[in-house]
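Me: Please give me a close look at a single part of this model, namely the place where chain C meets chain A. I should like one connected account of what each side brings to that interface.

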4 protein chains.
Amino acid sequence: MTQVIVLNGGSSSGKSGIARCLQAVLPDPWLALGTDTLVEAMPASVHASEGGIEFTPDGEVIVGPEFRTLEAAWIEGIAAMAHAGARVIVDEVFLGGADSQQRWRKALGELPVLWVGVRCEGAIAAGREVARGDRTIGMAVSQADVVHRGVAYDLEVDTARAEAMECARTIAEHVR
Amino acid sequence: MTQVIVLNGGSSSGKSGIARCLQAVLPDPWLALGTDTLVEAMPASVHASEGGIEFTPDGEVIVGPEFRTLEAAWIEGIAAMAHAGARVIVDEVFLGGADSQQRWRKALGELPVLWVGVRCEGAIAAGREVARGDRTIGMAVSQADVVHRGVAYDLEVDTARAEAMECARTIAEHVR
Amino acid sequence: MTQVIVLNGGSSSGKSGIARCLQAVLPDPWLALGTDTLVEAMPASVHASEGGIEFTPDGEVIVGPEFRTLEAAWIEGIAAMAHAGARVIVDEVFLGGADSQQRWRKALGELPVLWVGVRCEGAIAAGREVARGDRTIGMAVSQADVVHRGVAYDLEVDTARAEAMECARTIAEHVR
Amino acid sequence: MTQVIVLNGGSSSGKSGIARCLQAVLPDPWLALGTDTLVEAMPASVHASEGGIEFTPDGEVIVGPEFRTLEAAWIEGIAAMAHAGARVIVDEVFLGGADSQQRWRKALGELPVLWVGVRCEGAIAAGREVARGDRTIGMAVSQADVVHRGVAYDLEVDTARAEAMECARTIAEHVR
């Protein structure tokens with residue numbers, strides 16, 4: 001039985017929308033947690049500090065050792081929630097590509113995971129970034145390809161070609 | 001060394017504000033997570049379903065077995081984050097009073113926890129509930145006393161008598 | 001010179017996203033105001049009262065005389081902003097179809113207005129409503145067609161077939 | 001009959017909370033609009049441009065000619081809403097002190113206005129700024145005194161000494 005669904009994609013690729021649609025179409029209740037939850041849980045100082053997370057004016061995201069330490073504990077915690085019986089959708093941005101996946105893979109261990117790549121062409125994601133109005137401009141383009149580098153998926157969806165709900169239905173068919 | 005700070009208080013008692021002030025005044029980075037994070041992570045269906053969580057028109061909150069199951073896994077996850085080294089501020093509403101504390105106590109085990117009661121007279125919390133404008137009216141009054149019933153604290157603060165920042169400084173003095 | 005752009009469409013049809021893209025692509029600064037701004041400016045009591053605005057559990061929106069009175073003054077105010085020199089994008093839901101347009105037409109008088117219909121098939125808008133997660137389910141479907149009934153447009157865009165940014169560029173070509 | 005209530009105070013002094021409490025305690029429906037509404041209605045480019053509005057890292061707010069032009073039209077629009085019959089609470093930050101009041105006074109003309117100063121000692125407002133977590137740190141302190149310079153009030157309230165609801169009741173007694 002699938003215990004964890006990991007949605008990986010760049011900023012403004014539409015992961016959160018797919019997560020909410022998945023919660024609506026899957027028969028059991030699933031928790032949806034992700035990078036945004038973690039960033040919000042961190043102290044404001046981590047956002048600004050050299051060792052924390054930085055959003056450069058042109059949309060690049062730089063994370064330092066302080067961020068990585070809290071993130072490692074966060075990942076352990078999500079894994080523990082799944083081990084304790086919760087079914088969890090993880091909405092993630094693998095800034096480190098294959099390395100990021102490796103961190104999650106190690107923590108999730110033997111849990112049955114469905115790895116999903118959420119693709120969206122950079123130019124289209126950039127337009128959606130402007131449309132939503134609450135993100136640093138440039139993140140979408142700078143993350144669109146790099147987050148998928150070397151990552152292995154069970155399936156991939158493309159939000160430039162299908163609505164969030166349609167992507168969710170496709171993913172749901174792979175959930176056991 | 002204190003690993004977890006549990007802030008327990010009714011809706012609109014000012015817990016989240018104290019949590020953010022604590023993150024600002026404590027020298028190490030602390031994660032702030034709580035009931036609001038969990039509720040937001042749950043599917044919309046759980047909010048509406050009989051087994052989930054219900055906000056009655058007069059502000060009462062009723063949680064069912066489906067909510068409790070996900071919550072139990074959530075608590076295990078928070079405990080695992082602390083075990084993995086993260087220092088965590090838990091912003092909680094003990095709807096079940098002493099029973100709720102017992103659930104957390106069991107999951108947190110040997111971790112050094114600072115239990116903090118966040119008091120605010122119901123009438124004052126009710127005014128703040130109107131002022132913030134994003135909560136069901138009545139929650140503040142219905143939770144003000146019940147969440148503290150039978151709960152044991154290391155210290156208590158009263159947001160009707162002290163600013164959030166002042167409460168945070170008081171709490172910080174008890175953090176080792 | 002176009003002074004006002006009125007975007008009319010059902011809930012979750014993508015009007016606000018187009019408005020933000022328009023603000024980004026148009027060379028002059030435009031204000032974006034709309035139904036959401038007005039509803040947020042109203043007292044909580046109007047949301048609940050019989051004479052105010054009501055969101056039924058199945059997503060229908062019913063507005064009463066109290067809402068209509070404040071709305072009439074709001075429309076006069078938007079017209080005055082345009083008369084005072086501001087270029088304004090109005091993001092609207094014509095629940096009354098042609099009657100709603102007539103109310104705006106009367107208030108805007110001789111001002112040069114670009115009337116834009118924002119179409120989105122109900123089924124697709126319904127999926128987006130689930131994906132965004134912050135709207136009463138059912139509004140998208142119940143408004144998708146009714147808001148366009150009898151309304152005359154200078155141009156129409158369809159967010160089921162084009163991205164918000166693309167729609168904005170099409171509209172911008174019609175702005176003088 | 002009072003048609004407009006202007007609440008003027010620095011960032012994090014508690015104006016919006018008082019506005020919502022006023023909407024709850026006043027018998028008639030009042031619209032609440034203010035600086036935040038205007039800033040949100042402006043294009044993202046105005047936030048960043050030299051002629052627009054700038055939030056410096058230490059919390060100072062600098063507004064340029066482009067902002068002032070849109071703001072002038074906005075003020076005319078609010079005045080028109082009041083002339084058209086809406087009762088309006090204006091939640092404002094008089095960065096220019098007496099000059100800002102003069103701009104509003106000119107636009108509001110003969111309308112019966114209640115001018116309210118919302119005081120909050122800088123140090124306390126600074127703590128609340130940290131507690132709310134969504135504002136640039138430093139705004140509260142830099143605005144606490146300057147916004148009241150040379151401004152004439154019908155009454156003043158102090159949110160460091162009274163709850164938002166209590167302030168609202170005091171103000172409501174002056175509304176005719």
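Reply: A polar contact is a pair of N or O atoms within 3.5 Å, where, within protein, one atom must be able to donate a hydrogen and the other to accept it. By this rule, six residue pairs are in polar contact across the interface of chain C and chain A, with both residues at pLDDT 80 or more. That confidence value appears here because the model is predicted.

The elements of chain C that each give two or more residues to the side touching chain A are α1 (15-25), α6 (122-132) and α8 (164-172). Of that side, the largest share comes from α6(C), which supplies six residues. Sorted by character, the residues on the side of chain C that touches chain A are seven nonpolar, four polar and four charged.

Charged groups also meet across this interface, for two salt bridges are counted between chain C and chain A. One of them joins the side chains of Arg128(A) and Glu163(C), at 2.8 Å from N to O.

The extent of the interface can be described in two ways. In terms of residues, 15 of chain C are in contact with 15 of chain A. In terms of area, the size of an interface is often given as the accessible area lost when the parts come together. Chain C and chain A bury about 1000 Å² between them, and 62% of this lies on carbon and sulfur atoms.

For reference, chain B and chain A bury about 1900 Å² between them, 80% of it on carbon and sulfur atoms. Across that interface the rule finds zero salt bridges.

Methods:
Residues are numbered from 1 along each chain as its sequence is written. Chains are lettered from A and ligands numbered from 1 in the order in which they are written. This is a predicted model: local features need pLDDT of at least 70, side-chain atom pairs count only at pLDDT 80 or more; totals for chains, interfaces and linings use all residues. Side-chain values use heavy atoms; hydrogens and water are left out. Contact means heavy atoms within 4.5 Å. Buried area is the accessible area (1.4 Å probe) that two parts lose on being put together, summed over both. A salt bridge is a side-chain nitrogen of Lys or Arg within 4 Å of a carboxyl oxygen of Asp or Glu. A polar contact is a pair of N or O atoms within 3.5 Å; within protein, one must be able to donate a hydrogen and the other to accept it, and residues adjacent in sequence count only if both atoms are side-chain atoms. Helices (H or I, at least four residues) and strands (E, at least two) are DSSP runs, numbered from the N terminus. Ala, Val, Leu, Ile, Met, Phe, Trp, Tyr, Cys and Pro count as nonpolar, Asp, Glu, Lys and Arg as charged, and the others, Gly among them, as polar.
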